[in-house]
Amino acid sequence: MTEPHSPISASVPQTPPGIIMPPADGSGTVVEMDPVEYTLRKRLPRKLPKRRNDVYVNMKTDFRAQLARCQKLLEGGGHREICVHGLGLAINRAINIALQLQASSQGALQLAANTSTVELVDDLEPEDPDEVGEPMTRTRNNSAIHIKVFYPDPQ
């Protein structure tokens, strides 16, 4: 039994070890790269405006240190709200930090979460600068979460 081919997969050579990139100039030709010949360099994501009450969560810093920083901002920093931002793998950690803050306040804190998609840019640099390969960029999407942790206004 043969598998049906989509018009896209039929026109693109199927080479498992290579990476197939659409050309940057928008022409119809396909650029095929050998991953051994290029180094992938991930650029830092574009950050939202940095305010004193913004906390960007990552996977490199210790969880307890990030949690303590958030608690310090809420209790000793004079802020009635903070915004916890997580990107990609750090989404789970951002959610855990927000839930820990809410639990430690005995329900005095409330949470409001928003999700978004962030466009990231990667640089593909040739391993050998003497070869004809030129540096390329590629874009990809990554999920993000923004959690507002706040004390509700007394009524």
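Ser105 is buried, with a relative accessibility of 14%. The residue sits in the loop between α3 and β6 (110–126) of a predicted model. The protein chain has 155 residues, of which 26% are buried. Its mean pLDDT is 78, and 71% of the residues score at least 70.

**The loop after α3**

- Ser105 counts as buried because its relative accessibility of 14% falls under the 20% cut-off.
- A polar atom of the Ser105 side chain lies 2.9 Å from the backbone oxygen of Gln102.
- The Ser105 side chain also reaches the backbone nitrogen of Leu109, at 3.1 Å.
- Gln106 is in this loop too, between α3 and β6.
- Gln106 is exposed, with a relative accessible area of 71%, whereas Ser105 is buried.
- The phi of Gln106 is positive, about 55°, although Gln106 is not a glycine.
- In the chain, Gln106 follows α3.

**Overall layout**

- The protein chain contains 3 helices and 7 strands.
- Read from the N terminus, the order of elements is α-β-β-β-β-α-β-α-β-β.
- Among contacts with a separation of 6 or more, 68% join residues 24 or more positions apart.
- The accessible surface of the protein chain is about 11,000 Å², and carbon and sulfur atoms account for 53% of it.

**Confidence**

- Helix α1 (residues 7–11) has the lowest mean pLDDT among the elements, 39, and α3 has the highest, 96.
- Over residues 2–18 the pLDDT is below 50, and this stretch has 9 contacts in the model beyond near neighbours in sequence.
- Where pLDDT is low, predicted coordinates should not be read in detail.

**Helix α3**

- α3 consists of 14 residues and spans 20 Å from its first C-alpha to its last.
- That span is close to the 20 Å expected at 1.5 Å a residue.
- The buried residues in α3 include Ile91, Arg93, Ala94, Ile97, Ala98 and Leu101.
- Cover for the buried residues of α3 comes from elements including β4, α2, β5, β6 and β7.

**Largest nonpolar core**

- The largest nonpolar core has 18 residues, and those touching the most other members are Val57, Cys70, Ile82, Val84, Leu101, Ile147 and Val149.
- Two or more core residues come from each of β4 (54–57), α2 (63–75), β5 (81–87), α3 (91–104) and β7 (136–150).
- α3 supplies the largest share of this core, 5 residues.
- In soluble globular proteins, nonpolar side chains tend to be buried together.

**Strand β4: Val55 and Val57**

- Val55 is found in β4 and is buried, with a relative accessible area of 2%.
- Leaving aside residues up to four places away in sequence, Val55 touches Arg69, Cys70, Leu73, Cys83, Val84 and His85.
- One of these partners, Leu73, is 18 residues from Val55 along the chain, with a C-alpha separation of 9.4 Å.
- Val57 is one of the core residues that touch the most other members.
- Outside its neighbours within four places in sequence, Val57 is in contact with Gln66, Val84, His85, Gly86, Ala90, Arg93, Ala94 and Ile97.
- Val84 and His85 appear among the contacts of Val55 and also among those of Val57.

**Strand β3 and the loop between α2 and β5**

- Thr39 lies in strand β3 (residues 38–42).
- Apart from residues up to four places away in sequence, Thr39 touches Asp123, Leu124, Glu125 and Glu127.
- Thr39 and Pro135 are 96 residues apart in sequence, and their C-alpha atoms are 9.5 Å apart.
- Gly78 is placed in the loop between α2 and β5.
- Gly78 counts as exposed because its relative accessibility of 67% is over the 50% cut-off.
- Asn53 is 25 residues from Gly78 along the chain, and the two C-alpha atoms are separated by 9.7 Å.

Conventions: Residues numbered from 1 in each chain as written. Predicted model: local features only at pLDDT ≥ 70, side-chain atom pairs only at ≥ 80, totals over all residues. Heavy atoms only, no water. Helix = DSSP H or I, 4+ residues; strand = E, 2+ residues; numbered from the N terminus. Buried < 20%, exposed > 50% of the residue type's maximum accessible area, 1.4 Å probe, protein only. Contact = heavy atoms within 4.5 Å. Areas by Shrake-Rupley, 256 points an atom, 1.4 Å probe, with all protein chains shown as cover. Core = buried A, V, L, I, M, F, W, Y, C linked by side-chain atoms within 4.5 Å. Polar contact = N/O pair within 3.5 Å; in protein donor to acceptor, adjacent residues only side chain to side chain. pLDDT = per-residue confidence, 0-100. Expected span 1.5 Å × (residues − 1).
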